[in-house]
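Student: I have a model open on my screen, and I would like to learn how to read its pockets, cavity and sheet. Could you walk me through them?

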Amino acid sequence: MPRISVGKENAGSIELHYEDHGAGKPVVLIHGWPLSGKSWEKQTIALVAAGYRVITYDRRGFGESSKPWSGYDYDTLASDLDHLLAKLDLREAALVGFSMGGGEVARLPAKFGTKRVSRLAFVSAVTPCLLQSADNPEGVDLAVFDSIRAGLAADRYAFLAGFLANFFNFDVLGGTRVSDELVRASWHVGVSSSPKAMYDCVAAWGTDFRADLAGIALPTLVVHGDADRIVPAEVSGRRTHVLVKGSRYVEIPGAPHGLNWTHAEELNKALLEFLAAPVESSALR
């Protein structure tokens, strides 16, 4: 089982589990909350088949990675990703972040530079700034974050069941684009995560990435579903597109938050076109 160390907690090593498949230009896929690298199944298959080297990993606290008590802020999470890029000596890597993973994609270039990175993609991402404030009226009220934390503290098992139903818009897409079994499997992955990590990450969702996004000078793709109930497009994807100069925006009709499963064909098409386009091409705009 490939793992890298990103620090220590007391006498133990904090390790990230990762998978590394295929050959060619590297694409690093960064998962969302409360899942793991396994959630990229449909993208990994398509990207490896297209000739890319695909790396997925489990964020600290999730999946098969270590579950330390702390470190669930984006500076630390971006540092974890930077350790992975350095350990694998990746060059000209494309970073693709889903939901919470969009935070690492925004923060890593701002904090650690772009010497190993060539392109960025935000999918159903939490950027640019989810938490509502006086200078961010488009954000989500703090009461929503508090409600999520209360649900997790009271009964995270029950909370996740409702969360995942909205994650996939199961009332609309159940039986067609998403199965009972997929939701059940996602629930099992979610509840295997660290309770502390799950709770602490809710605060991280409110991180302000506006300055990070404004400083991006790499080819960037933004993909969002217009039926996203978890991170609505008007709060996230559309605003991210505006802040990242020259970014390409793809909005998928009828797609929920978990579009990397329900609308995998549409997402894969957008990713493959973006990855294949020359840097100078207008296809990146």
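Tutor: Gladly, starting with the largest pocket: its lining has 15 nonpolar, two polar and no charged residues. Here Ala, Val, Leu, Ile, Met, Phe, Trp, Tyr, Cys and Pro count as nonpolar, Asp, Glu, Lys and Arg as charged, and the others, Gly among them, as polar. Keep in mind that this is a predicted model, where local features need pLDDT of at least 70 and side-chain atom pairs count only at pLDDT 80 or more, while totals for chains, interfaces and linings use all residues. Residues are numbered from 1 along each chain as its sequence is written, and side-chain values use heavy atoms, leaving out hydrogens and water.

Student: Which residues lie nearest the centre of the largest pocket?

Tutor: First the idea: on a 1 Å grid over the protein atoms alone, a pocket is an open set of points with protein on both sides within 12 Å along at least five of seven lines, a cavity is a set where a 1.4 Å probe fits but cannot get out, and lining residues have an atom within 4 Å of a point. In this case 17 residues line the largest pocket, with L130, I148, W205, I230 and V231 nearest its centre. Its volume is about 260 Å³, a volume being the space filled by probe spheres set on grid points joined across faces, edges and corners.

Student: What lines the second largest pocket?

Tutor: That pocket has 13 lining residues, and L35, K38, S39, L182 and S186 are the closest to its centre. Its volume is about 210 Å³, and its lining divides into seven nonpolar, four polar and two charged residues. Helix α6 (180–191) and helix α10 (259–262) each supply at least two of them, and α6 gives the most, with four. Helices (H or I, at least four residues) and strands (E, at least two) are DSSP runs, numbered from the N terminus.

Student: How many cavities of 30 Å³ or more are there?

Tutor: The count comes to one, with about 40 Å³ of space in it. Around this largest cavity are D82, L85, L108, F112, G113, K115, R116 and V117. The elements giving two or more residues to that lining are α2 (74–87) and α3. By class, the lining has four nonpolar, one polar and three charged residues.

Student: Now the sheet. In what order do the eight strands come?

Tutor: Strands of a sheet pair through backbone hydrogen bonds, either parallel or antiparallel. Two strands pair if DSSP finds at least two bridges between them. Here the open sheet runs β1-β2-β4-β3-β5-β6-β7-β8, with mixed pairing. β1 (3–9) and β8 (248–252) stand at the edges with a single partner strand each, so one side of each has no neighbour in the sheet.

Student: How do β1 and β2 run, parallel or antiparallel?

Tutor: They are antiparallel, joined by six bridges, and G7 stands opposite I14 in β2. Their hairpin has two residues between the strands, and N10 there takes a positive phi near 55°. By contrast, β3 (residues 26–30) and β5 (residues 93–98) pair in the parallel sense over four bridges, and L29 has V96 in β5 as its bridge partner.

Student: Which helix packs on the sheet, touching β3 and β5?

Tutor: Helix α3 (residues 101–112) does, and it also touches β4 (53–57) and β6 (117–123), where contact means heavy atoms within 4.5 Å.

Technical notes
Axes fitted to C-alpha atoms, helices over the stretch in contact; angles between N-to-C directions.
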